[in-house]
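Reader: I am new to this structure and would like to understand the terms applied to it. Could the reasoning be set out step by step?

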Amino acid sequence: MNAQLACVLVLAAGTYAFRLAGPALHGRIELPARVQELLTVGATVLLVALLATGALTEGGGPAGWARPLGVLVGGVLAWRKAPFAVVVIGAAATTALLRLAGVA
C-alpha cells in the first residue's frame, strides 16, 4: 500500500468517525447555550469565508466583476426564497451575460 492510499483511508476513517459521533453522542452530552451559539456563528463565518474566496478570487488574483455579480444575484434570489434551480440558473446566466458583454 502506498502512502497516498494510506492517507486517503485515514482521512476517510476520520470523516466517518466524525459523522458517527453525532448520532452516538446525541443526548449524552449537553452543550451550554453559549457554546451552541458560538458553534452556529462559527459555521456561518466559515461558509461566508468559503463563499467569498470562491466568488472573489481566481488563480491567486481577483476574479473580476462578472463572477461576484453572479454570486450576488444568486444570493438575492436565495434570500427571496426562489427555488434552487432558479438560483443556480440566475447566477450562471448573470455571469454568462456579463462575460458575453465584455465585463471581465
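Author: A helix here is a DSSP run of H or I with at least four residues, and helices are numbered from the N terminus. The model is a predicted one.

Reader: Which residue follows α3, and what is the sign of its phi?

Author: Lysine 81 follows α3, and its phi is positive, near 65°. A positive phi is also found just after two other helices: glycine 27, after α1, has a value of about 90°, and glycine 102, after α4, has one of about 100°.

Reader: How do you know that the span of α3 agrees with expectation?

Author: The expected span is 1.5 Å times one less than the number of residues. For the 14 residues of α3 this gives 20 Å, and the end C-alpha atoms are 20 Å apart, so the two values agree. The 17 residues of α4 should span 24 Å, and because its end C-alpha atoms are 24 Å apart, α4 agrees as well. Helix α1, residues 3–25, reaches 32 Å with its 23 residues, close to the 33 Å expected.

Reader: Why is threonine 95 called buried?

Author: Buried means under 20% relative accessible area. Threonine 95 has 13%, and is therefore buried. This threonine lies in helix α4, residues 84–100. Beyond residues up to four places away in sequence, threonine 95 touches Ala66, Arg67 and Gly70.

Reader: Which other residues of α4 are buried, and what makes them line one face?

Author: Val87, Gly90, Ala91 and Thr94 are buried in α4 together with Thr95. Seen down the helix axis, the buried residues fall within an arc of 120°, so they line one face of α4. The face turned away from this buried side carries the exposed residues Ile89, Leu97 and Leu100.

Reader: Against which helix do the buried residues of α4 pack?

Author: They pack against α3. The buried residues of α3 are Ala66, Pro68, Gly70 and Gly74, and these pack against α2 and α4.

Reader: Why is alanine 104 called exposed?

Author: Exposed means over 50% relative accessible area. Alanine 104 has 63%, and therefore counts as exposed. It belongs to the segment after α4. Leaving aside neighbours within four places in sequence, alanine 104 is in contact with Ala63, Gly64, Trp65 and Ala66. Its C-alpha atom is 5.9 Å from that of tryptophan 65, although 39 residues separate the two along the chain.

Reader: Is tryptophan 65 itself buried or exposed, and where does it lie?

Author: Tryptophan 65 has a relative accessibility of 62%, and is therefore exposed. Its place is the loop between β2 (61–62) and α3 (66–79). Tryptophan 65 also takes part in a nonpolar surface patch of about 660 Å², together with Leu69, Leu72, Val76, Trp79 and Val103.

Reader: How do you know that proline 83 is exposed?

Author: Its relative accessible area is 53%, and because the cut-off is over 50%, proline 83 counts as exposed. Proline 83 is found in the loop between α3 and α4. The C-alpha atoms of proline 83 and leucine 69 are separated by 19 Å, with their positions 14 residues apart along the chain.

Reader: How many salt bridges does the structure hold?

Author: The structure holds 2 salt bridges. Side chains of opposite charge can pair when their charged atoms come close.

Reader: What makes the pairing of arginine 67 and glutamate 58 a salt bridge?

Author: The term requires a side-chain nitrogen of Lys or Arg within 4 Å of a carboxyl oxygen of Asp or Glu. In this pair the closest N and O atoms are 2.8 Å apart, so the requirement is met. Arginine 67, at 23% relative accessibility, is partly exposed, and so is glutamate 58, at 43%.

Reader: Why is the pairing of arginine 34 with glutamate 37 called a salt bridge?

Author: Their closest N and O atoms are 3.4 Å apart, which is within 4 Å, and the pair therefore qualifies. Both residues lie in helix α2, residues 33–56, and are 3 residues apart, about one turn of the helix. An α-helix has 3.6 residues a turn, so residues three or four places apart point the same way. Arginine 34 is exposed at 53%, whereas glutamate 37 is partly exposed at 45%.

Definitions and conventions: Residues numbered from 1 in each chain as written. Predicted model: local features only at pLDDT ≥ 70, side-chain atom pairs only at ≥ 80, totals over all residues. Heavy atoms only, no water. Buried < 20%, exposed > 50% of the residue type's maximum accessible area, 1.4 Å probe, protein only. Contact = heavy atoms within 4.5 Å. Patch = residues over 30% accessible without salt bridge, like charges linked within 9 Å, V, L, I, M, F, W, Y side chains within 5 Å. Areas by Shrake-Rupley, 256 points an atom, 1.4 Å probe, with all protein chains shown as cover. Arc of directions from axis to C-beta.
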